[in-house]
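Open your viewer and let us take a short walk together. At each stop you will get something to select and a note on what to look for.

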Amino acid sequence: MRTVLLAALVVLLVLKPFPSFAEEGAVEVREQLADAVTAPEEQQIAILAALADSGDEFVAVALTAWRRGEMFLIDHDGAPVPVLLENADSKEPVRGFLLRTGEVMADASGKVLTFVPKEQKAADTSSALRKQIKKTIDLLAISDSDPENRASGVLKLGLMQRPEYFEVLKQRLAIEKDPDVLKKLKEGIAVSALALGEPDEVVASVKTLGELRSIAGLDSLNNIIKTQEELPAAEQNAPLLKEATRSVKVIDDYLAWVDRAGTAFRGVSLGSVLLIVSLGLAITFGLMGVINMAHGEMIAIGGYSAYMMEKWMTAMFGDGALQWYFLVAIPFSFLMAALAGLVLERSVIRLLYRRPLESLLATWGVSLILEQLFRLYFGAANVQVNSPDWLQGSLVISDVSLGYNRMFVILFAVLIVLATVLLMAKTPLGLCIRAVMQNRDMAACVGIQTSKIRMMTFAFGSGLAGLAGCFLSQIGNVGPTMGQNYIVDSFMVVVAGGVGNLFGTVLAAMGIGMTDQMLQPVLGPVMGKVCVLIAIIIFLQWRPGGLFAARSRSLD
Amino acid sequence: MYLLTDLLTPILKRTLPSVALSATAFCLISCGGGTTSETEEAATPEESATTETSTASTPEPAAASSDDTVKVGVLHSLSGTMAISETSLRDVLLFTFDEINAAGGVMGKKIEPVVVDGASDWPLFAEKAKQLLLEDKVSVTFGCWTSVSRQSVLPVYEENKGLLFYPVQYEGEEMSPNIFYTAEAVNQQAIPAVDYLLEQGRKKFYLVGTDYVYPQTTNLVLLEYLLSKGIPIENIGGGITEQGGQVASAGKYTPFGHTDYQQIVSEIARFAASGDACVINTINGDSNVPFFKEFAASGLTSEDCPVVSFSLSEDEFRSLPTKDLVGHLGCWTYFMSLDTPENTKFKDNFQKWLAKTTVSGIKKDGRVTCSPMVLSYNGVYLWKAAVEKAGTFDPEKVMEALKSGVSFDGPGGTVTTQSNHHLTKNVYIGETQADGQFKVVQSFDSVVGEPFLKGTFK
C-alpha cells in the first residue's frame, strides 16, 4: 500500500513541471506579446487578434499567465517591463524571465534577481481584454498539439457561429487526423452551418448533429424548429423541420441516458459522503449504543486537522506540499479525532454507559464546548483548505462528467468500509469488540478487558469521523459548525440502516443518496430533501428496526 | 466616550455574582449551537455589560438624550450563524461613533452607543428593538442584516415611532415610514449586473439561490426584467414554477447550509454547453463554498459562464476559496479597491481605530471593508446631517429632514437621501481577483434607489 502511494506521489510530482518560460517562443512573437502587455487597450486587442494565427504555443502559455494575473510588471532599466515568474504561486522569492527576450532577470553586475510574486504588480486585464485573450487562445487551440485542447477549442469556435471562424474550421477539416477532434470539428462546423450555410448544407448539418448526438447544438436545433413552426404552413421548409425534429429527439433520448448515468454517479457519490460521515457513528451508536451528540465535532476535528496539516506542510516544505499534504492529513486527522474520542470516552462516557439519556445530554454539552473552542482557537469564520490539483477537474465519458474529487470519495468510502469490516471480522481486536458488544458480562468472564475494548472501539469510531472531516474539507466548509450540518444526516443513515449493522449503514447511505439525487431534478433540492425525510419516517413506521434490525446488548 | 472597560468596573461590582459569572459560564456551553433561548448571555461579558448598563441605569422620562450625550442603538447579531457578517457592522458603527465624537459629536452631544445582540434569532430581534426603544429610549437604531430580522422589528419601530437605518442589500417591495434604507435596492445591484451581462453578449441566465425571501423576490423581479429585455423564457435556467397562471417562483433554490451542489452544477454545465450563458447567484453564506468548489471542479470557467453573486462581498471572501472565484462578478455600491481620497481616508482611519480600540471581541488582523459596512458608516453620517438640519433628535422630524434630501461624501462616492427612504448612489460592477478584492469593470453614477419594481417592466 505504501509503495503504491509513494509511486502515485512521484507520478503526480513529475506530471506537474514548471513552465519553461525561458526557451520557448519565436523572437517576433515574444516581441509582440511584450508590446501588447504595455500598450493601450485597443492596441492590445489588435495585437492579440493578430497573434491568433501565429501557431506558437508560447502565446497560449503567456496569455494564460496574463489572464490569471501572473504577468508581472517589474522595473528593469528604469521602466516597468512584463516579466513571467518561475512559479507565480510561490510565497518564496523566485526568478523572473523577461517576456521580451526570455532572459533571466539580473542586476547590472549579473547577479540573478528574485522576486516574491505576491509583492509584485500584475499587469491589469479588463474584461474586454480577457475576452480577446480567451478568443486568441481558442483560435490557437485549432493548432494546439494536445488533442483535448484542440477538441474543446474547435467546438467553441463553431458555437460562436461566426463566418471568419467557419472558414478556419473548414480548412482544418482537411488536415485533422485525430478521431476525437474530428468529431468535435464536425460538430462545430455543423452548428456554424446552421446559421451560415446554404439551405441544403443546413439540412445536412441538422442530420449530422443528430448523428453526433450534439448537446451543444441542441439549442440551435430547437431554434430552427421554433422559427419554422412560426412560419405559415406554405413557407415552411418541410424536410428541414422533419430532420430537425428527428435530430432533437435522438439527442433528447441520448440526454436521458446521460442524465440517468450522471444521477447514478452523483447518487453513489452523495451516498459515499453520507456513508463516510455515518460509519463512525455506526460504530459508537450502532455497536456501542452511545448516543454521541459530539460526533459532529469529531468530524470538525478531522476537518481542522486537515487544515493544520496543510498549513504546517506548506510552511515546512513550500508550496509543492499542496500536492501531497492531503495524504499525510488522512492518518493525522484519524489520530487526532481518535485521541479526542479516547479522552471523551475516559472522561465522560465511561461514567454513563448504562444511562443513555444522561450521555445524550453530556455529549451535547461536550459538543457545544468543543464548538466554542474551535471558535476561540480558529475564529468564527470558516477556514480555507486548498485542494491538491489531482482532486480538481473531472473525467468526461460520453458527456457524463465524473469529478475526480467525487471518484476519490467513492474510493475512499470503499476503502474505509473494507478496513472496518476486516477489522471487525478478521482480527482478534474485532472479535473482542463483537464479544463485548454482544454480552459485556460474559466477555468479562472469559477474561476480556471490557473497559479497554470499549475505549478503543469508541476511539476507532471517533477516528472514522475524523477521516470524514478530512475528506469533507475538500468539498465543503471547515468551520466551527461543520459537524452540525452532518449530525442529523448521520443519525438518519444509522437508524434507517438498522442500528448495529454495518451492512445496513452502507445500504441506507447509498439508498438515501440515490433517492435524493433522483428526486432533485424533479422536485428541486428543498422539496427533494423533504421527501427523503418523509420517506424515511414512513419506512421506519413499516420497519421500526431499520433495514436490518439487530439485537444488541444496549437495546435489550 | 463609552469606554467599555470604564463602564465595566462598577457593573461588575454590582452584578458580578449573578450576571457576569453566569454569563461567562453560560457562554462556554451555550453560544455554540446557534440555538434559540440562551442567547441573552451569549455575548462576551463586556458586551452583556453594555446591555446591562442601559437596563440598570435609571430610565430617563421622556428625553431620548441627557445633557451631553445622545443614545444610539446598535442591533446586530453578535452570536449565532449571522455573527460572522454582522459583527463587522457593529465594529464599523462603533468606529463611526468614535470618529464623530472626536470631531465634536452631533449638535454638541456625544454619541453613546447601546449595543444589543440579536443572536441570529428573529423574534429576539423584535424584543431587543423594543428594549432599545422603550427602556433605553435611543434616538436612532442602526441594525439588522437579514430581511427576516428587518421584517421582525418593523412593527416595533412603526408602533413606537422609532427610526431604524438598514444597511444591507435587500429585495425591495417595502417602505416603512420608520425605516431608512441605506441598503442597495434591487435596481442598484441586480438590474445593473444584468445590464452588464447583457452588454457582454450573455444570452442565457441561470438563477440559483438560497430558499428565502430575498433570493425569491429578487429573481422574480429579474425574470420580469429579462423578459422585458427580449430574453426568451427558455433561456432562463433553474426552472419556473407557475401557480394559477402566475409565475410563483423562478430559479433553483437550496436550503440554508446546503452542501451538495452536484446536481445543480451539472445542470448549469448542460445549460452552458451551447455558449453565452451566465449564472445569477443569490446563495447566502456557507453554501457558497461547496457551490464554487463544485463549479470549478466541473471545468466551468468564468469566461465560459461567469457567476454574478449578490451576497458575496470582500468580508465574505475572507472565508471563501478565492482561487475558485477569480473572474466571477460582484455588484455593490462600494468596493474596498475604489481609489478615491474618501475611501483611502476611511480605510486608514478604520485600521487605525482597530489597532487601538479596547472594545473586546473585535478581531484586529486581516480586516477588510465592504459595502454593508460602508452603508452603515454612511447611515450614521446621514443621520447626523439630518439631525443638524432638523435641529432636533426627534425621530419623526429627523425622518422629515432625511426625506427632504441630505448628502454625504462617503467612501463609495456621494450618497443623497430620497423622499422614498432610499439613497441615490453609485453602483460598481467588479471582477473578483485572486487576493479577494474586486476590480471595477463598470460603474454607474448616481443611480436612484427604487424599492417597488415588480410589474414595472413591460
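In which handedness of crossing does α12(A) pass α13(A), left-handed or right-handed? Keep in mind that you are looking at a predicted model.

**Stop 1: a helix pair.** Select residues 295-317 of chain A for helix α12, and residues 325-347 of chain A for helix α13. Here is the reply to the opening question: the crossing is right-handed. The two helices pack at an angle of about 135 degrees, and their axes are 8 Å apart. That angle makes α12(A) oblique to α13(A).

**Stop 2: where the pair touches.** Now show side chains. On α12(A), the contact includes A:Met298, A:Ile301, A:Met309 and A:Glu310. On α13(A), look for A:Tyr325, A:Val328, A:Phe332 and A:Met336, among others. By class, this contact has 12 nonpolar, 5 polar and 1 charged residues.

**Stop 3: the domains of chain A.** Colour 20-128 as domain 1, 142-236 as domain 2, and 261-380 + 398-555 as domain 3, following the domain assignment. The C-alpha centres of domain 1 and domain 2 of chain A lie 36 Å apart.

**Stop 4: where the chains meet.** Bring chain B into view. How many residues does each chain give to the contact? Chain A gives 43 residues and chain B gives 45 residues. On the side of chain A that touches chain B, select α5 (127-141), α10 (218-230) and α20 (502-542), which are among the elements giving two or more residues. α20(A) gives the most, with 7 residues. The residues on this side of chain A divide into 13 nonpolar, 24 polar and 6 charged.

Definitions and conventions: Residues numbered from 1 in each chain as written. Chains lettered and ligands numbered in written order. Predicted model: local features only at pLDDT ≥ 70, side-chain atom pairs only at ≥ 80, totals over all residues. Contact = placed C-beta atoms within 7 Å. Helix = DSSP H or I, 4+ residues; strand = E, 2+ residues; numbered from the N terminus. Nonpolar A, V, L, I, M, F, W, Y, C, P; charged D, E, K, R; others polar. Axes fitted to C-alpha atoms, helices over the stretch in contact; angles between N-to-C directions. Parallel < 35°, antiparallel > 145°, perpendicular 65-115°, else oblique. Left-handed = near helix turned anticlockwise from the far one by under 90°. Domains from an automatic or database assignment.
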